[in-house]
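Got your viewer open? Let's walk through this one together, one selection at a time.

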Amino acid sequence: MAQLLIVEGDRITALTLQRAVSRMGHTVVARASSAAETRAAVQAYRPDVVLPDIGLAGPQDGVQVGVDIQTFWSTPVIYLSGSDPTQLGIP
């Protein structure tokens, strides 16, 4: 199964997601809550997939962090959001 990095600013949401993917047989190698933590975790753990929250707080949102990860490490990214997509400008 895959080794995952969860990028989520809310600790409870991150733990809930970790339990869910663990039940599916995946391993969460690290959790991050900022762009800087994400980059450090990708460098240190080389996960198979990164799961960033698109609404990540800070100077870079989850989409920008994901683009950086794909560009510099070629690591697949699956974006997550608990938001209504219409509120994010997505039809």
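Begin by switching on the surface: the accessible surface of the protein comes to about 5,400 Å², and 56% of that belongs to carbon and sulfur atoms. Keep in mind that you're looking at a predicted model.

Now go back to a cartoon view. You should find 3 helices and 3 strands. Follow the chain from the N terminus and the elements run β-α-β-α-β-α. The protein has 91 residues, and 33% of them count as buried. Take the contacts between residues at least 6 apart in sequence: 64% of these join residues at least 24 apart.

**Stop one: the inside**

In soluble globular proteins, nonpolar side chains tend to be buried together. To look at that here, select Leu 5, Val 7, Ala 30, Ala 32, Ala 35, Ala 41, Val 42, Val 50, Leu 56, Val 65, Ile 69 and Val 77, and show their side chains: these 12 residues are the largest nonpolar core. Which elements give two or more residues to this core? Colour strand S1 (3–7), strand S2 (27–32), helix H2 (35–45) and helix H3, and you have them. H2 provides the largest share, with 3 residues.

There's another core, lying apart from that one, with 8 residues. Select Leu 4, Val 28, Val 49 and Leu 51, which are among them.

Next, zoom in on Ala 32, a member of the largest core. What is Ala 32 in contact with, once you leave aside its neighbours within four places in sequence? Pick out Leu 5, Ile 6, Val 7 and Glu 8, then add Glu 37 and Thr 38.

**Stop two: a pair of rings**

Select Phe 72 and Trp 73. This is the place to see the 1 aromatic pair counted in the model. Their ring centres are 6.4 Å apart and their planes sit at 70°, so the pair is edge-to-face; the cut-off for that label is over 60 degrees. Are these two residues buried, partly exposed or exposed? Phe 72 is exposed, because its relative accessible area is 61%. Trp 73 has a relative accessible area of 22%, so it counts as partly exposed.

**Stop three: a patch on the outside**

Finally, put the surface back on and select Val 63, Val 67 and Tyr 79. Together they form a nonpolar patch on the surface, with about 220 Å² of accessible area. Where does Val 63 belong? Look in helix H3, which covers residues 62–73. With a relative accessible area of 37%, Val 63 is partly exposed.

Key
Residues are numbered from 1 along each chain as its sequence is written. This is a predicted model: local features need pLDDT of at least 70, side-chain atom pairs count only at pLDDT 80 or more; totals for chains, interfaces and linings use all residues. Side-chain values use heavy atoms; hydrogens and water are left out. Patches are made of residues with over 30% relative accessible area and no salt bridge: like charges are joined within 9 Å, nonpolar side chains (Val, Leu, Ile, Met, Phe, Trp, Tyr) within 5 Å. Accessible areas come from the Shrake-Rupley method with a 1.4 Å probe; for residues, only the protein chains shown count as cover. A salt bridge is a side-chain nitrogen of Lys or Arg within 4 Å of a carboxyl oxygen of Asp or Glu. Helices (H or I, at least four residues) and strands (E, at least two) are DSSP runs, numbered from the N terminus. Buried means under 20% relative accessible area, exposed over 50%, partly exposed in between (1.4 Å probe, protein chains only). Rings of Phe, Tyr and Trp (its six-membered ring) pair if their centres lie within 6.5 Å; planes under 30 degrees apart count as stacked, over 60 as edge-to-face and the rest as tilted. A nonpolar core is a set of buried Ala, Val, Leu, Ile, Met, Phe, Trp, Tyr and Cys residues joined through side-chain atoms within 4.5 Å. Contact means heavy atoms within 4.5 Å.
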